[in-house]
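Here is a friendly walk through one protein chain. Take a moment to turn the picture around before reading on.

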Amino acid sequence: MCLCCHKDETLVHLFFDCTVAKCVWGCIAYTLGTDFVPQSLWQYFVWVRRFLPGLKTIFVEGLGAVCWAIWKTRNAVCFKKKV
Ligand SMILES: [Zn+2]
């Protein structure tokens, strides 16, 4: 169960559908000048191609960095009881 919103903690939920993930993606979208936020891995690749054309090298690294930050935050909430 997700520690933030008490829904089933699937990979899609944790990295895209959770309120925490939506906030992170929303901040990134804001910096790119859009309010469209990816809600799945597939949408991420469509999204990044649309808003960062020509930057193919950061597609995977950017996804990894965002997911890593969300994962570290999730673990801090889970194991260090951070709010
Ligand atoms: Zn959640």
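## A tour of the chain

Asn-75 is located in helix α4. Please keep in mind that this is a predicted model. Is Asn-75 buried or exposed? Its relative accessibility is 18%, so Asn-75 counts as buried, the cut-off being under 20%. Try finding Cys-23 as well: it is 52 residues away from Asn-75 along the chain, and the two C-alpha atoms are separated by 17 Å.

### The overall picture

Now step back to the whole chain. How many helices and strands does the chain have? There are four helices and zero strands, and reading along the sequence gives the pattern α-α-α-α. The radius of gyration is 13 Å, close to the 12 Å that the globule rule gives for 83 residues, so the chain is as compact as a globular protein of that length. If you drew a box along the principal axes, the C-alpha atoms would fill roughly 40 × 20 × 20 Å.

What share of the residues is buried? Of the 83 residues in the chain, 30% count as buried. The surface that the chain exposes comes to about 5800 Å², and carbon and sulfur atoms supply 66% of that area. You can also ask how the chain touches itself. Taking contacts between residues at least 6 apart in sequence, 29% join residues at least 24 apart.

### Charges and salt bridges

The chain carries 10 positive and 5 negative charges, and the mean positions of these two groups are 6 Å apart. How many salt bridges does a search of the whole structure find? The search finds two. Both pairs appear in this table.

| Side chains that meet | N to O distance |
|---|---|
| Arg-74 and Glu-9 | 3.0 Å |
| Asp-17 and Lys-22 | 3.6 Å |

Let us take the pair of Arg-74 and Glu-9, whose side chains meet in a salt bridge. This pair links distant parts of the chain, 65 residues apart: Arg-74 belongs to helix α4 (residues 57-79), while Glu-9 sits in the segment before α1 (11-17). Arg-74 has a relative accessibility of 18%, so it counts as buried. Glu-9 has 29% and therefore counts as partly exposed.

The other salt bridge joins the side chains of Asp-17 and Lys-22. Are these residues buried or exposed? Neither word fits, because partly exposed covers values between 20% and 50%. Asp-17 is partly exposed at 34% relative accessibility, and Lys-22 is partly exposed with a relative accessible area of 39%.

### A buried histidine and an exposed one

Next, look for His-13 in helix α1. With a relative accessibility of 5%, His-13 counts as buried. Which residues does His-13 touch, not counting residues up to four places away in sequence? They are Cys-2, Cys-5, Lys-7, Asp-8 and Cys-18.

His-6 is found in the segment before α1. Its relative accessible area is 55%, and His-6 is exposed, since exposed means over 50%. The backbone of His-6 is worth a look too: this residue has a positive phi of about 60° although it is not a glycine.

Lys-81 also has a positive phi of about 60° without being a glycine. You will find Lys-81 in the segment after α4, and at 66% relative accessibility it counts as exposed.

### The loop between α3 and α4

Finally, visit the loop between α3 (41-51) and α4, where Gly-54 lies. Is Gly-54 buried or exposed? At 73% relative accessibility, Gly-54 counts as exposed. How far apart in space are Gly-54 and Met-1? The answer is 38 Å from C-alpha to C-alpha, with their positions 53 residues apart in sequence.

Pro-53 has its place in the loop between α3 and α4 too. Pro-53 is exposed, with a relative accessible area of 57%. From Pro-53 you can look across to Lys-82: these residues are 29 apart along the chain, and their C-alpha atoms are separated by 37 Å.

Note on methods. Residues are numbered from 1 along each chain as its sequence is written. This is a predicted model: local features need pLDDT of at least 70, side-chain atom pairs count only at pLDDT 80 or more; totals for chains, interfaces and linings use all residues. Side-chain values use heavy atoms; hydrogens and water are left out. Helices (H or I, at least four residues) and strands (E, at least two) are DSSP runs, numbered from the N terminus. The radius of gyration is taken over C-alpha atoms; the globule rule is 2.2 Å times the number of residues to the power 0.38. Buried means under 20% relative accessible area, exposed over 50%, partly exposed in between (1.4 Å probe, protein chains only). Contact means heavy atoms within 4.5 Å. Accessible areas come from the Shrake-Rupley method with a 1.4 Å probe; for residues, only the protein chains shown count as cover. Lys and Arg count as positive and Asp and Glu as negative; His and the chain ends are not counted. The place of a charge is taken as NZ of Lys, CZ of Arg, CG of Asp or CD of Glu. A salt bridge is a side-chain nitrogen of Lys or Arg within 4 Å of a carboxyl oxygen of Asp or Glu.
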